[in-house]
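Trainee: Before we go through this entry, could we settle how each term is earned from the coordinates?

Mentor: Let us take the terms in turn and set each value against its rule.

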Amino acid sequence: MNTRFLIGAGRELVLGVGVTIALSMSVIVVSTSIGLVLACLRLFGGKPLQVAVASYAAVIRGVPLLILLLGGYFSLPYLGIDLPLPFVVIAIMGLYFGAYMSEVFRGAIAAVPRPQWDAGRSVGFRRFQVLWIVILPQARSLCVAPFLNTSLVIVKNTSLVSAIGEWELVTAGREIGERTTDVLPVYLALAACYFAICFPLSWLARRVEGRATDV
Amino acid sequence: MDLRLILRILPDLLEGLKLTVALAACSLLGAAIGGVAVMLARRSSLTLVRRMAIGFIEIMRNTPIMVQIFVIYFGLPSPGLYPDAFPSAVAALVLQNSAYIGEIYRAGLASVNRTQMEAALALGMLPRTALWAIVVPQALRRVMPALGNQAVIIIKDSSIASTIAVAELTHTGKLLLDRSAAPYETFLAVGLLYLALSLTTLFAMRLLARLLPVRA
């Protein structure tokens, strides 16, 4: 197998890894913020808000990210909105994975046993104090593993933004592939780059999962 | 927003939807069978087989489906294989989802209490009969919701086959956009079709779970 392309074009792959990591981290930050807000609305908002957030999550779960990326990318100019591509990509992915993150946080808060609420109230805390002092610290350790798993999905899905022309790891790989005749090693190297980013995340997720069961 | 336009492009989109259904159905079927192989290898008593299964699962879990499709479609011509676009997409979806579904099966089997097996053996059943008559039906019932979710993930991931020009729903949408220059209508219609397909699949899987002999 010919690996000489790594000497000439390895720099591009490294740059691609950097862009993919930066993109993933931005999306993780945005979707976590959106997810936290949505989870709070879902748990403590009024009935109409709860239904609205639940339907948003249900719709997002049934539609491919690629459709939203393509739809957003081609629709925004018609609406007169002209933003730099990275912003568009981060916004769309943030909104998409915000729905998944909201489920992560809602699930973690709902997984704290009901008697914890009653116990908190009976000690004399107000509802908000129970949430802040009793429930959230327990929910935090419960949500770490699902949070890491969702982050893993986010990293893998940043590959889709290459379909609307955002330069990242897959684009780097394709550019190198287009300049050589022996393409297989290039794509295998591309897969190895993703593995190098993703494996630590999934390893950590599994370790934490094993530990969180005694909560 | 032009609703008449949606009606006009609908027949073309339905053609694309057919191919999406074919793609997802082939992949789900393949992965449901491949998952059994992965699960058996993962539970094998031979260390080497078990390690290989773990390696396979890790590689599939930690690389994007898009890159796997590219390795097969663009990469295999290097050693002289020229797979068509549709089989390449199915192969990538089957490989990745066999890993996930294998783990779903394994978790399902592990979730059946050990005492069920012991009780069956105490009654004089052969280990094979106990496994197939007692443990597997219970595991199957618990596996169904996770399988339903995985089916929806396969439907959504099948959209990535559009990047290697399989003429499925997403690709059809992109081609129609080139002619109509109406992005909201086109992608709204495509999105709704995907949503309808996902919801129908979830519903069908739930119905299928009802038909299983053992209730949770």
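Mentor: A residue is buried if 20 or more other C-beta atoms lie within 10 Å of its own, and in this predicted model that rule makes 40% of the 216 residues of chain B count as buried.

Trainee: What makes a set of residues a nonpolar core, and which residues have the most contacts inside the largest one?

Mentor: Buried residues such as Val, Leu and Ile form a core if they are joined through C-beta atoms within 7 Å; the largest such set has 101 residues, and A:L69 and B:I69 have the most contacts inside it. Helix α4 (residues 85-111) of chain B gives the most to this core, with twelve residues. Leaving aside residues up to four places away in sequence, A:L69 touches A:I92, A:L160, A:V161, A:A163 and A:I164.

Trainee: How do you know that the end-to-end distance of helix α1 of chain A agrees with its number of residues?

Mentor: Its 40 residues (5-44), at 1.5 Å a residue, should span 58 Å, and the end C-alpha atoms are 55 Å apart, so the two values agree. The same helix, α1(A), nevertheless has a kink of about 40°, centred on A:R11.

Trainee: How many residues does each chain bring to the contact between them, and what kinds are those of chain A?

Mentor: Chain A brings 29 residues and chain B 32 residues. On the side of chain A that touches chain B, α8(A) gives the most, with ten residues, and the residues of that side divide into 21 nonpolar, six polar and two charged.

How values were computed: Residues are numbered from 1 along each chain as its sequence is written. Chains are lettered from A and ligands numbered from 1 in the order in which they are written. This is a predicted model: local features need pLDDT of at least 70, side-chain atom pairs count only at pLDDT 80 or more; totals for chains, interfaces and linings use all residues. Two residues are in contact if their C-beta atoms, placed from the backbone, lie within 7 Å. Helices (H or I, at least four residues) and strands (E, at least two) are DSSP runs, numbered from the N terminus. Ala, Val, Leu, Ile, Met, Phe, Trp, Tyr, Cys and Pro count as nonpolar, Asp, Glu, Lys and Arg as charged, and the others, Gly among them, as polar. A residue is buried if 20 or more other C-beta atoms lie within 10 Å of its own, exposed if 12 or fewer, and partly exposed in between; C-beta atoms are placed from the backbone. The expected span of a helix is 1.5 Å times one less than its number of residues. The bend at a residue is the angle between axes fitted to the seven residues ending there and the seven starting there.
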